[in-house]
Amino acid sequence: MSYTIEGTTGPWEVVIGLEVHAQVTSEAKLFSGAATEFGAEPNTQVSFVDAGFPGMLPVINGECVAQAVRTGLGLNAQVNLWSRFDRKNYFYADLPQGYQISQYQFPIIGTGQIEIELADGTRKPIGITRLHLEQDAGKSLHDQHPTKSYIDLNRSGVALMEIVSEPDLRSPEEAGAYLTKLRQILRYLGTCDGNMEQGSLRADVNVSVRKPGEGFRTRCEVKNVNSIRFVMQAVEAEARRQVELWEAGEEVVQETRLFDTSRGVTRSMRSKEDAHDYRYFPDPDLPPLVIEQAWVDQLKAALPELPDARRARYVGEFGLTPYDAHVLTLEKETAAFYETVARGRDPKVAANWVTGDFFAGLNRTGHGIGDSPVSAENLGALLDLIADNTLSGKLAKEVLEAMFETGKAPGEIVEERGLKQVTDTGAIEAVIDQVMAANAGKVEEYRSGKDKLFGFFVGQTMKAMQGKGNPALVNELLKKKLG
């Protein structure tokens, strides 16, 4: 069902395009050897190049170029063997050079496409216009002093990939799904860590509205939105603002706006610049960037399996449901964990345990998969103990809880706590005899046709055995004895 905003003049369609700034995963900046680690003391990761000292020349970081190419390949996009860096001129306190080195007419990556999936299962292709490399600016800090602004240049010169979508998105849900999918691909590729709270993935959201069937109207850009939820809220707020303006007979002015997360509204920041305002020209200190097709092919051959391909494999090869395959492939770490658990075992059983009791244990103990007290190897070992009848499913759940508490291997916990499942038929029969002797009246009732009492005898037997009886054997022997 299409998303529209109902105004006093009828429905309005929303048109959205996203410009995503993704920080390249690399140990050095785009044009200098300064470090890029997050959280360092202000101005401790700044080279003379980053600080804009006169006479300092930029030198391209080859790994950043490789990361951009990998990303382009992951987005099914055209890789341009010839690209060029330009200077984008503007003046701001945290931009010491007075210009940003970026790519404009000749980006390293051209058109591509990713497919998003919506909550109702609908799939939709979203066009990628381009991906270009550029350096980040520094950061102005306005809350450190009552009358002064401070400048931290640690981010100055950090490599960014700006990934620009076509205006193919038509609802807040689609914008959220696109950003989620893009972030997932970047994390699988290892080209950006996707940590929005640390600023390594930020989105500029372009929004316009129109009557169904019309051409595009004036758009506004909502700048630097740093969470998927806020992107969706910003789309909704800005679209409603524009509908109200058009319906009041006013014009929407092209401008850059900010999203006020506390009030849920957008507010004006500055008039929107056009490309000519930045006086782009080729950077005279950098020759054109020329790469070889053979090198691109080499990078392509080494790409990891991406989420869509992995999900299809889980459904096709492992027989998982599309939902379980989706959940297990959301994060690369989760998929790797699951595959370790499933190796050499029943993949469906492994999926049930990972998405069920294991995820519940992570939530209960406040851990992520990266710092889980239960390793994939130990969870696999627990499944082996169920398969060889050492543990019943119920006992295995108890052992898993103990594994989360102690971090120990399941075999060790079974030995320490004497949790081994009883499979000795003689021992089980002895307990059944005791239960039947203690409940002679109920035995008579059962034999006279009250079949439902069978569950009672199973419960009493398992209780007497502290849950350690093999359930299948208990059922089998009880049927024989009671019969």
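**Entry 1: the three-stranded sheet.** I looked up the sheet in this predicted model and found three strands in the order 5-4-15, which form an open sheet with antiparallel pairing. I then asked which strands stand at the edges. Strand 5, residues 99-102, and strand 15, residues 281-282, do so, and each has a single partner strand, so one side of each is left without a neighbour in the sheet.

**Entry 2: the pairing of strands 4 and 5.** I next asked over how many bridges strand 4 and strand 5 pair. Strand 4 covers residues 86-89, and I noted that its antiparallel pairing with strand 5 runs over four bridges. For a single contact within this pairing I looked up Asn89, whose bridge partner in strand 5 is Tyr99.

**Entry 3: Asn76.** I turned to backbone angles and noted that Asn76, a residue other than glycine, has a positive phi, near 55 degrees. Where is Asn76 found? I located Asn76 in the loop between helix 1, residues 62-74, and strand 3, residues 82-83. Its relative accessibility is 61%, and because the cut-off for exposed is over 50%, I entered Asn76 as exposed.

**Entry 4: Asn224.** I also noted a positive phi for Asn224, again near 55 degrees and again in a residue other than glycine. Asn224 lies in strand 12, which I recorded as residues 220-225. I looked up the relative accessible area of Asn224 and found 43%, so I entered this residue as partly exposed, given that this class lies between the cut-offs of 20% and 50%.

Notes
Residues numbered from 1 in each chain as written. Predicted model: local features only at pLDDT ≥ 70, side-chain atom pairs only at ≥ 80, totals over all residues. Heavy atoms only, no water. Pairing = 2+ DSSP bridges. Helix = DSSP H or I, 4+ residues; strand = E, 2+ residues; numbered from the N terminus. Buried < 20%, exposed > 50% of the residue type's maximum accessible area, 1.4 Å probe, protein only.
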